[in-house]
Amino acid sequence: MRRLGSFVLRRRWWVLIGGLLLAGLAGAYGSGASERLSAGGFNEPGAESSRAARALQDDFRTGPPNVILLVTADHGKVTDPDVVAAGLRLTKELGRQHAVVESYSFWTLGQVPQLRNKQATRAMVLGFIPGDEDAVKKGIEGLSDHFTGRSGPVTVGVGGAAETFRAVSAQAEKDLKKAELISTPITLILLVLVFGGLVAAAMPLPVAGLAVIGTLAVLRIFTAFTNVSVFALNLTTAMGLGLAIDYSLFM
């Protein structure tokens with residue numbers, strides 16, 4: 001470590017210039033990392049269930065329904081003529097969405113009791129969006145806003161695995177951003193108190209910036225070989241700042 005410190009001290013300008021050039025290259029390369037990150041990764045690709053799901057999609061263009069429209073009759077039951085007409089219309093409309101490859105419902109399957117509640121006031125329309133988690137998440141975008149609400153004699157709600165995953169991902173991303181907005185100013189105040197001055201407290205910030213830039217470049221390299229979760233971006237920011245503060249305290 002002493003020899004490394006002496007080397008850096010003697011050639012500090014070359015080290016500084018080399019570091020800035022490396023940071024610039026890493027920033028240019030890593031800037032596209034966020035577009036390559038995956039929203040999935042929760043299922044084991046080699047599991048039998050995953051292989052079966054891929055076989056259904058590839059060979060038969062079908063799979064377990066991941067979009068559900070819960071249709072509630074405002075008055076009467078789901079077997080009433082006006083509600084039947086609305087249910088059939090919603091089934092066709094769901095099937096016409098660009099990401100949905102098939103749709104069926106209580107009304108198109110002969111009014112099977114498994115797709116309605118016991119009171120016959122609610123029934124389901126089922127749809128399937130093919131692809132991996134990223135494709136499903138992209139395909140479900142906008143469907144909730146399009147279908148949710150009153151539609152003639154019925155009220156429609158959107159659910160299913162695709163909508164649940166989209167809503168959870170959106171809420172988690174929102175919460176992480178809120179946490180960063182709250183923690184960042186508190187961290188800056190604590191830095192001033194711990195380091196005892198503005199100049200010293202500012203030292204971890206460029207270190208954290210370089211750490212984040214370098215990590216984004218590494219993440220993009222990883223995406224060429226495996227799936228990397230989109231939440232790695234938040235961990236990159238938190239870990240970069242945290243480690244920068246620790247090593248700045250050592251200095």
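In strand β3 of this predicted model, V125 is the bridge partner of S105. That bridge belongs to a longer arrangement, for strand β2, residues 102-105, pairs with β3 in the antiparallel sense over four bridges. Strand β3 also pairs with β1, again in the antiparallel sense, and here six bridges are formed. Within this second pairing, V71 has A123 of β3 as its bridge partner. Strand β3 thus takes part in pairings with both β2 and β1. It is mostly covered, with five of its seven residues buried. As a general point, the side chains of a regular strand alternate between the two faces of the sheet.

The strands lead to the nonpolar core. The largest such core has 28 residues, and those with the most contacts inside it are L69, V78, L94, W107, I129, F147 and V154. Several elements each supply at least two residues of this core: the strands β1 (67-73), β3 (122-128) and β5 (154-159), together with the helices α5 (81-95), α6 (133-140) and α7 (143-147). The largest share comes from α5, which provides five residues.

V154, named above among the residues with the most contacts inside the core, may be followed in detail. Leaving aside residues up to four places away in sequence, V154 touches V71, T72, A73, D74, V83, A86, L90 and G149. One of these contacts, V71, is the residue whose bridge partner in β3 is A123.

W107, also listed among the residues with the most contacts inside the core, introduces the aromatic side chains. A pair of aromatic rings is described by the distance of the centres and the angle of the planes. The count for this model comes to one aromatic pair. F106 and W107 form this pair, which is edge-to-face, with 5.4 Å from centre to centre and 85 degrees between the planes. Both F106 and W107 are buried. Another aromatic ring, that of Y29, has a charged residue over its face: R220 lies there at 4.6 Å from the ring centre.

The last residue to consider is T164, which lies in helix α8, residues 161-195. Is T164 buried, partly exposed or exposed? Its relative accessible area is 45%, and T164 is therefore partly exposed, since this class lies between the limits of 20% for buried and 50% for exposed. T164 and V230 are 66 residues apart along the chain, and their C-alpha atoms are separated by 17 Å.

Key: Residues are numbered from 1 along each chain as its sequence is written. This is a predicted model: local features need pLDDT of at least 70, side-chain atom pairs count only at pLDDT 80 or more; totals for chains, interfaces and linings use all residues. Side-chain values use heavy atoms; hydrogens and water are left out. A nonpolar core is a set of buried Ala, Val, Leu, Ile, Met, Phe, Trp, Tyr and Cys residues joined through side-chain atoms within 4.5 Å. Buried means under 20% relative accessible area, exposed over 50%, partly exposed in between (1.4 Å probe, protein chains only). Contact means heavy atoms within 4.5 Å. Two strands pair if DSSP finds at least two bridges between them. Rings of Phe, Tyr and Trp (its six-membered ring) pair if their centres lie within 6.5 Å; planes under 30 degrees apart count as stacked, over 60 as edge-to-face and the rest as tilted. A charge sits over a ring if NZ of Lys or CZ of Arg is within 6 Å of the ring centre and within 35 degrees of the ring normal.
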